[in-house]
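Dear colleague,

Please find below the structure that I am handing over to you, together with its sequence. My findings follow directly after it.

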Amino acid sequence: MIFKTLAGKTSVVGLRLPQTFIFLLVLGSLGFGALFFLPETSRLKRIFQHNSDSSAVITDSVNGQRAQPISPIGYGLIRAPPLDIGVLRSKSQLSSSNGKQRNNNKGRSQGTVSMEHMSEGDAADNKVHTRGVVVSSRARSPVRVKLRNCMLKPPYGANYGKPSDPESLQRREKVKEMMKFAWDNYKRYAWGENELRPLSRNGNDGRTFGGLRGASIVDSLDTLYIMGLGEEYQEAKEWVENNLNLSVGGEASLFEVNIRYVGGLLSAYYLTGEEVFKRKVVELGRNLLPAFNTPTGIPHGVVNLAGLLAPAKRYAKPTDFSEMGLDLSTPPHPRPFTECEYIGGRLIGPETDGLGHTSVKWLFEKSDSRRSTGGDLGRSSVLAEFGTLHLEFVHLSELTKDPIYTEKVMNIRKHLNQLDKPHGLYPNALNPVSGNWEQHYVSIGALGDSFYEYLIKSYLMSDRTDEVAKRMYYAALEAIEKNLVQRSPGGLIYVAEWRGGILDHKMGHLACFSGGMIGIGAEHGSPETRQHQLDLAANITHTCHESYRRTPTKLGPEVFRFDDGAEATAPRVNERHYILRPEVVESYMYMWRLTHDPKYREWGWEALEALERHCRLATGFSGIIDVYGHIIQHDNLQQSFFLAETLKYLYLLFSDDDLLPLKDWVFNTEAHPLPVIPRNCSQKTEDTDRWPA
Ligand code: DMJ
């Protein structure tokens, strides 16, 4: 199949000069209405679309059919899955070309292309050849050239990750159906708000994101895209374009905004090449910078996106967790979840406002009284929060060519490296004024988790050049193994929590991500530890599966224990909820990719069936209050991470490995894929000081 390139001089509307002349003549003599009688050629379409952000579309010159749309930066649509529709076209155009697109999926990666929908800049630019793929070029900006030539790898292989065996294919289709269902209900009852409350059929905005809206939309963009839910992706994109206001007042969690909004927008940009995502993420990145205005540069946990700096008195006094009434050994729910009740037709109970980490984030949400009494609640910076910025911030610097973002996160790393670490462990809370640890509590679950994840992923995302991150990761893992990893009397391996030397024999659902993390890290450590680490990863994943298998619902509790006779179960009523979290299926997905042991797909399917049985309502998905309960009570929240992570990881679990291959893409902690930055491509070559020890 041969594609032809539009060559020659073009006018602003993309026609060659003689064509433009004839066109204007027709227009002049017949009037503007004549346009509607002209054949609907692609060139005429371009007249109305030339200034769109969207990307070029390849036209097959042999049979004249529309082939794969092609994006100016992203690679996604060069090798798009058999989309329901061509996602780069506007809604009004979403009509009948499905079949045509499919027909043209084959053999398109070589040769030249004819491009429509080009901006004026595009029309004047040259095309760029990258790995045998010809992409349109708006090559003026060196950043663009660098991205296209260097960084981006196709997210899909030959067959869009389509699994070869029919059962997995069917299961993958089921996940897609669940995503569509979750999306449709969000759209119907909560469009534009942060999350859907399926029982009360309305939206939830909480305060986690300050005044930001549309968390479920931004969190879903890449999931919709890779699943080929083109119409839904288009709706999401249009909302971002027209409604996502990023300079809103109110205190937002730096961590949550970073992993969901920055991560979601970056990923959408890299996959699709739509400029709108880049514009938005650059604006948002800038608005996050005031969080770093602390004496140490360790960011505060909350930030006002409207740019109003936190007053200095915020930092007056170090946080005292016990003074805050925070018992870190139990989730701080004001009353057991089982006390949820309907009042006036609404489910009233403890909030589960999309909070990633249970304790301190909850306090941010619930800390009004302490704030107003001038206490220093939440003035501590939390390891998992300030330690989970690296991937996104490095990419912000790559995109903007502004080193400030990388500098901010490198400063955090530098600071951590200077500190004494008890037994080589990283405590969960740090005072951003003194720069010292607040206490000696250590966890690979809540408050600590994604800090460790970002160390190994920073190394991988840097194309394995970030040696400091690598060293920090393996040293931390060694300390964790030595001090936290335990075997239960029944032979289950788990990672306990550590309180100044005393072990708390429990594991949070959040900590179950560590199976996958240790798995992906295994092959990059020393060869002697490789198999050992892979076994550890498999053992932890097995234990997490047990925490699911040992409940009647087959969904796992928020916290499970290994004391007083408990073995991966939750004796405490306030730890029995399941809020649609992804960590367990996340580890299944990584372990599947690493081992291809079919049990991981089976376990994923078990979880999916349990989700369908207990969490699916007529109006969306909801968490449940007691995974051991025989009567199911719902928490009335469809968390945005369910769409961003849980369903995406399940979809990947049932896909072939060439969908977002792990050697080219790194998932941020909210499952947003970010491209590996090849070593000859990163700013490192220009800035040798990039990875300070
Ligand atoms: C997500 O927001 C992220 O995975 C985060 O790292 C932890 N918590 C939630 C999901 O449980």
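Of the 693 residues of the chain, 65% count as buried. Please bear in mind throughout that this is a predicted model. The chain exposes about 24600 Å², and carbon and sulfur atoms supply 52% of that area. Its secondary structure comes to 22 helices and 23 strands. As for the contacts in the chain with a separation of 6 or more, 70% of them are accounted for by residues 24 or more positions apart.

The ligand and its surroundings

The ligand is surrounded by 11 residues, and the closest are Arg581, Glu583, Glu645, Thr669 and Glu670. Sorted by class, this shell has five charged, four nonpolar and two polar residues. Two helices, H9 (254-272) and H22 (640-653), each supply at least two residues of the shell.

Three side chains deserve a separate mention for their distances to oxygen atoms of the ligand. For Glu583, a polar side-chain atom lies 2.6 Å from a ligand oxygen atom. For Thr669, the corresponding distance from a polar side-chain atom to an oxygen atom of the ligand is 2.7 Å. For Glu645, an N or O atom in the side chain is 2.8 Å from an oxygen atom of the ligand. Taken alone, the ligand exposes 290 Å², of which the protein buries 98%.

Helix H9 also contains Tyr270. This tyrosine counts as buried because its relative accessible area is 0%, below the 20% limit for that class. Its C-alpha atom is separated by 7.5 Å from that of Pro675, although Tyr270 and Pro675 are 405 residues apart along the chain.

Two residues with positive phi

Which backbone angles should you inspect? Most residues other than glycine have a negative phi. Leu580 has a positive value, with phi near 70°, and Ala671 likewise has a positive phi of about 70° although it is not a glycine.

Leu580 is placed in the loop between strand E19 (559-561) and helix H20 (583-595). Its relative accessibility is 0%, so Leu580 counts as buried. Ala671 is found in another connection, the loop between strand E22 (665-667) and strand E23 (673-675). The relative accessible area of Ala671 is 0%, and this residue is therefore buried.

A three-stranded sheet and Glu497

Three strands form an open sheet in the order E13-E16-E17, with antiparallel pairing. Strand E13 (441-442) and strand E17 (502-504) are the edge strands, since each pairs on one side only. Between E16 and E17, the antiparallel pairing extends over three bridges.

Glu497 belongs to strand E16 (residues 497-499), and its bridge partner in E17 is Asp504. With a relative accessibility of 10%, Glu497 counts as buried, because the class takes in values under 20%. The side chain of Glu497 makes a polar contact of 3.3 Å with the side chain of Arg499. Not counting residues up to four places away in sequence, Glu497 touches Val442, Ser443, Ile502, Leu503, Asp504 and Lys506. Among these, Val442 lies within the range of E13, while Ile502, Leu503 and Asp504 lie within that of E17.

The loop at Thr551

Finally, I would draw your attention to Thr551, which lies in the loop between helix H19 (527-549) and E19. Thr551 is buried, with a relative accessible area of 1%. A polar atom of its side chain lies 2.9 Å from the backbone nitrogen of Lys554. Leaving aside neighbours within four places in sequence, Thr551 is in contact with Pro557, Val627 and Tyr628. Strand E19, which follows this loop, also precedes the loop that holds Leu580.

In looking through the structure, you may wish to begin with the ligand shell, where Arg581, Glu583, Glu645, Thr669 and Glu670 are the closest residues. The two positive phi values, at Leu580 and at Ala671, could then be examined in turn.

With kind regards

Conventions
Residues are numbered from 1 along each chain as its sequence is written. This is a predicted model: local features need pLDDT of at least 70, side-chain atom pairs count only at pLDDT 80 or more; totals for chains, interfaces and linings use all residues. Side-chain values use heavy atoms; hydrogens and water are left out. A residue is near a molecule or strand if one of its heavy atoms lies within 4 Å of it. A polar contact is a pair of N or O atoms within 3.5 Å; within protein, one must be able to donate a hydrogen and the other to accept it, and residues adjacent in sequence count only if both atoms are side-chain atoms. Accessible areas come from the Shrake-Rupley method with a 1.4 Å probe; for residues, only the protein chains shown count as cover. Helices (H or I, at least four residues) and strands (E, at least two) are DSSP runs, numbered from the N terminus. Ala, Val, Leu, Ile, Met, Phe, Trp, Tyr, Cys and Pro count as nonpolar, Asp, Glu, Lys and Arg as charged, and the others, Gly among them, as polar. Buried means under 20% relative accessible area, exposed over 50%, partly exposed in between (1.4 Å probe, protein chains only). Contact means heavy atoms within 4.5 Å. Two strands pair if DSSP finds at least two bridges between them.
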